[in-house]
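Student: I would like to learn how to read contacts, burial and helix packing in a model of this kind. Could we go through them one at a time?

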Amino acid sequence: MVIAIGFEGSANKIGVGIVRDGEVLANERETYITPPGEGFLPKETAQHHRSKIHDILKRALAVSGVTPQEIDVVCYTKGPGMAPPLLAVAIVARTIAQIWNKPILGVNHCIGHIEMGRLITKAQNPTVLYVSGGNTQIISYACKRYRIFGETIDIAIGNCLDRFARIIKLSNDPSPGYNIEQMAKKGTKYLTLPYSVKGMDVSFSGILSFIEQKARPKGKQKKQKTNEEKWSDEDLCFSLQETLFAMLVETTERAMAHCGSSEVLIVGGVGCNERLQEMMGIMCQERGAKLFATDERFCIDNGVMIAHAGWEMFRSGTRMGWEETTITQRYRTDEVLVTWRDD
């Protein structure tokens, strides 16, 4: 029996999770929420994490009923992510590991999402669509690595949605993407947007620039032509979602065909979106494949996914020296040797 504690803080979520041999014992989390129209900056986000981490740690231990003596390994997010928040959480994890005299493991954030998704859904060997605020990747496992078949070549899909939410001044509570999803449900007209699929890769920045021109507040626009159609925020949210998600479904299906896969697993914060799940589900049904997805407890960044991925690493023999317990903003999914899966 192995018990692992995980610390996640790569972006605006700070979380602590505890797992015991695949069983979730605690999943405590707080979100740094900024005013409408504003994003979250690295320095302020790190300050938020530092102010919350002690309370979240105490809550996780209380909920789980686990004592520090019972914990076998301390895990933290090594990257990718924003440097100041990553560093704030890494320092806490290193301190805890030294105080408790426990081994420590730095976990790849993306692989944390994948392994959490596999644990919760019981997917065996899926083609993975990883969609979040900082990442967009189509991934499949082969030969001890999670191979990236396609990805964004500029901004991530979550970043695209967040930035559009700021343009139209949507609330960041509980998240910009969630509020766009709710507005999109009220949209009735589809605005044709640029569709930017480049082989197996996707591009979102041009779409964002195009739709921004349609959403600029009055007074900041150039004089419109009298025959130019005006679009409501609801219609723009609807159009943006439909276009972005269609691109993701197309590239995911192409990866499935290449790998001969019959499973799709959606992970990451944007994976909570019910319309994305619906569109992907239709594609899977047409292919005779199966879709796996989770809810916001495990899609959105959390400490449990870091604890579980660290648990997988630890029980398969992975160990790290103190000199390796650093952070890196650019930590590729395919850099990690997957020691816990059999080919």
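Tutor: Let us begin with contact, which here means heavy atoms within 4.5 Å. The model is a predicted one, and a helix residue serves as the opening case: Gln241, which lies in helix α7, is in contact with Ile180, Glu181, Ala184, Asn273 and Arg275 once its neighbours within four places in sequence are left aside.

Student: Is Gln241 buried or exposed, and how is that decided?

Tutor: A residue counts as buried when its relative accessible area is under 20%. Gln241 has a relative accessibility of 3%, and it is therefore buried. Two of its contacts, Glu181 and Asn273, are also among the positions that UniProt, in an unreviewed entry, lists under the feature "binding site".

Student: Which other positions does that record list with Glu181 and Asn273?

Tutor: The UniProt entry also names Tyr130, Val131, Ser132, Gly133, Gly134, Asp162 and Gly177 under that feature. Asp162 is placed in helix α4, residues 157–167, and Gly177 in helix α5, residues 176–184. The two helices meet at this point, in that Asp162 touches Pro176 and Gly177. Gly177 has a relative accessible area of 21%, so it is classed as partly exposed.

Student: Where does Tyr130 sit, and what does Tyr130 touch?

Tutor: Tyr130 belongs to strand β6, residues 127–131, and its relative accessibility of 0% makes it buried. Beyond four places in sequence, it touches His109, Cys110, His113, Asn135, Thr136, Gln137, Ile139, Val267 and Gly268. With Asn135 there is also a polar contact between the two side chains, at 3.2 Å.

Student: What does UniProt place at His109 and His113?

Tutor: The unreviewed UniProt entry places the feature "binding site" at His109, His113, Tyr130 and Asp301. These positions span 193 residues in sequence, yet no two of their C-alpha atoms are more than 12.1 Å apart, so they gather at one spot. Asp301 lies in the loop between α9 (296–299) and α10 (303–315) and is buried, with a relative accessible area of 11%. Its contacts, apart from residues within four places in sequence, are Glu8, Ser10, Ala11, Lys13, Arg29, His109 and His113.

Student: Thr136 appeared among the contacts of Tyr130; which residue's backbone nitrogen does the side chain of Thr136 reach?

Tutor: Thr136 is in strand β7, residues 136–142, and is buried at a relative accessible area of 3%. Its side chain reaches the backbone nitrogen of Ile157 at 2.9 Å. Ile157 is also one of the residues that Thr136 touches, a list that further includes Tyr130, Val131, Gly150, Val202, Phe204 and Leu248.

Student: How should I read the packing of helix α6 with helix α7?

Tutor: Two packed helices are described by the distance between their axes and the angle between those axes. For helix α6, residues 205–215, and helix α7, residues 233–259, the axes come within 11 Å and cross at roughly 170°. Angles over 145 degrees count as roughly antiparallel, and α6 and α7 are therefore roughly antiparallel to each other. On the α6 side the residues involved are Ile207, Ile211, Lys214 and Ala215, which meet Leu236, Leu240, Leu244 and Met247 of α7. By class, this contact has seven nonpolar residues, no polar ones and one charged residue.

Technical notes. Residues are numbered from 1 along each chain as its sequence is written. This is a predicted model: local features need pLDDT of at least 70, side-chain atom pairs count only at pLDDT 80 or more; totals for chains, interfaces and linings use all residues. Side-chain values use heavy atoms; hydrogens and water are left out. Helices (H or I, at least four residues) and strands (E, at least two) are DSSP runs, numbered from the N terminus. Buried means under 20% relative accessible area, exposed over 50%, partly exposed in between (1.4 Å probe, protein chains only). A polar contact is a pair of N or O atoms within 3.5 Å; within protein, one must be able to donate a hydrogen and the other to accept it, and residues adjacent in sequence count only if both atoms are side-chain atoms. UniProt positions are given in the numbering used here, feature names are shortened, and annotations may be inferred rather than shown by experiment. Axes are lines fitted to C-alpha atoms, for helices over the stretch in contact, and angles run from 0 to 180 degrees between N-to-C directions. Angles under 35 degrees count as roughly parallel, over 145 as roughly antiparallel, 65 to 115 as roughly perpendicular and the rest as oblique. Ala, Val, Leu, Ile, Met, Phe, Trp, Tyr, Cys and Pro count as nonpolar, Asp, Glu, Lys and Arg as charged, and the others, Gly among them, as polar.
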